[in-house]
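Please open the structure in your viewer and keep the selection tool at hand. This tour moves from one selection to the next and says what is there at each stop.

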Amino acid sequence: MNARRFALPALLLLAGCAHSSMVLLPDEDGGHGEVAILKPDGSGETLVSEANSRASLGGSPTIKPLGAKGLKPTEAALVSALPPPAKSFTLYFLEGTTDMTRESAPVVDEIRAEIAARPGAEVQVTGHTDTVGSDGDNDALSQKRAEEILNLLANKGFDRTIMSAVGRGERELKVPTGDNVSSPVNRRVEVIVR
Amino acid sequence: MVRVSLFLVSLAALVSAPAAAEIGRIKSSTGTASVERGAAHIAASTGQELMPGDALVTGKDGRIALTFIDNTRFAVGPNSRIALSKFEYDRTKQQGSFVTKVERGSLAVVSGRIAKSGRDAMQVATPESLLGVRGTRFLVVVPK
């Protein structure tokens, strides 16, 4: 009780007259998530679960709708400065080769254009397998596949220093199947430009 | 023998050092903006790689936009100091944990894979609170 009586004025002094706050925004796809406001030690929980609401931070948080006025101009400027979402491209290869399918060849030019349009672009080459074989084998296989395709792209003039290879194994199937099902659609390489 | 172990050490460094610790890159910056890495101050230029423990610092006209390897995106406003205190991410499993401290200023966030990988796997600390990020877009303002 005593500790609490002393802690509160000290907090107010630290924070000065203006309080910290947060605003939960709608996601770019229209949905929205949640933010839990906890005390610095991780205890307590006030859930901000309505999009376009403002919450004060510190003491006991209060949550209010943004209302018609919306964001402050400085806040709107901050949100508009966010980098665009990453863009994903999928490449398919003739089985067991690094020869791209006819449909995938033009995608390489789309990737090139996307990189050129993004200052400081990075490229993540992600290998995916089907469900044939063990998880461990598929992790290794997809990593090796991603590295092969990274080299292929480097040979096509893509900057090696902005690329990285990741193997996702069979965790992210394009088309869901049971275990040990061969699927050309699932055996693919995803190129993420961010 | 010494030569062999030196060779092994440098081989290990070659294999493990590059890109291993890179957690994101700066996409754009304006005005006075820098990355603090220990005692070093690095200009916040486009393409600058970021490491765990880095702090993003802006002056009154400064802004930084950046992305992380889990697809999290940040915009840092003027007069800010944002510490990337912890960033651990398994790119194969897409799991990890991420703690950012907004010491002062403003930060807009679009969360990425880490926030999806577990309850409060992504946290944003302010001087008076700890935010558990549950898959979303939001902003935080910490006045001086």
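The stops below begin with the domains of one chain and end with two single residues in loops.

Before selecting anything, keep in mind that this is a predicted model.

**Stop 1: the domains of chain A**

Select chain A and colour residues 2-80 as domain 1 and residues 87-193 as domain 2, following the domain assignment. The C-alpha centres of domain 1 of chain A and domain 2 of chain A lie 40 Å apart.

**Stop 2: a sheet in chain A**

Now select strands E6, E9, E7 and E8 of chain A, which in that order form an open sheet of 4 strands with mixed pairing. Which strands stand at the edges? They are strand E6 (87-91) and strand E8 (163-167) of chain A, and because each has a single partner strand, one side of each is left without a neighbour in the sheet. If you look along the sheet, neighbouring strands are turned by 20° against each other on average, direction ignored.

For one pairing in detail, select strand E7 (residues 123-128) of chain A together with E8(A): these two run parallel and are joined by 5 bridges. Within this pairing, Thr126(A) has Val166(A) in E8(A) as its bridge partner.

**Stop 3: helices across the sheet**

Add helix H3 (residues 105-117) of chain A, which lies across E6, E7 and strand E9 (188-193) of chain A and runs at about 160° to E6(A). Then add helix H4 (residues 135-155) of chain A, which lies across E6, E7, E8 and E9 of chain A, running at about 155° to E8(A).

**Stop 4: where the two chains touch**

Show both chains, and select the residues in contact, of which 43 belong to chain A and 38 to chain B. On the side of chain B that touches chain A, the elements giving two or more residues include strand E1 (24-30), strand E9 (95-110) and strand E11 (129-134) of chain B. Sorted by class, this side of chain B has 16 nonpolar, 13 polar and 9 charged residues.

Next, select strand E2 (residues 34-38) of chain A with E11(B), which run antiparallel and are joined by 5 bridges. Here Val35(A) stands opposite Val133(B) in E11(B).

**Stop 5: the nonpolar cores**

Stay with Val35(A), and ask which residues have the most contacts inside the largest nonpolar core. They are Met22(A), Val35(A), Leu107(B) and Leu139(B), in a core of 52 residues. Its largest share, 6 residues, comes from E9(B). Leaving aside residues up to four places away in sequence, Val35(A) touches residues of both chains, among them Met22(A), Leu24(A) and Val48(A) as well as Leu131(B), Val133(B) and Phe138(B).

Apart from the largest core lies another, of 16 residues, which includes Leu153(A), Phe158(A), Val189(A) and Val193(A).

**Stop 6: two residues with positive phi**

Most residues other than glycine have a negative phi, and the last two selections depart from that pattern. Select Asn52(A), which is not a glycine and yet has a positive phi of about 60°. Asn52(A) is found in the loop between strand E3 (46-48) and strand E4 (53-56) of chain A. Is Asn52(A) buried or exposed? Asn52(A) counts as partly exposed, because it has 14 C-beta neighbours inside 10 Å.

Finally, select Asn79(B), in the loop between E7 and strand E8 (81-90) of chain B, where phi is again positive, near 50°. Asn79(B) has 17 C-beta neighbours inside 10 Å and therefore counts as partly exposed.

Conventions:
Residues are numbered from 1 along each chain as its sequence is written. Chains are lettered from A and ligands numbered from 1 in the order in which they are written. This is a predicted model: local features need pLDDT of at least 70, side-chain atom pairs count only at pLDDT 80 or more; totals for chains, interfaces and linings use all residues. Two residues are in contact if their C-beta atoms, placed from the backbone, lie within 7 Å. Ala, Val, Leu, Ile, Met, Phe, Trp, Tyr, Cys and Pro count as nonpolar, Asp, Glu, Lys and Arg as charged, and the others, Gly among them, as polar. Two strands pair if DSSP finds at least two bridges between them. Axes are lines fitted to C-alpha atoms, for helices over the stretch in contact, and angles run from 0 to 180 degrees between N-to-C directions. A nonpolar core is a set of buried Ala, Val, Leu, Ile, Met, Phe, Trp, Tyr and Cys residues joined through C-beta atoms within 7 Å. A residue is buried if 20 or more other C-beta atoms lie within 10 Å of its own, exposed if 12 or fewer, and partly exposed in between; C-beta atoms are placed from the backbone. Domain bounds come from an automatic or database domain assignment.
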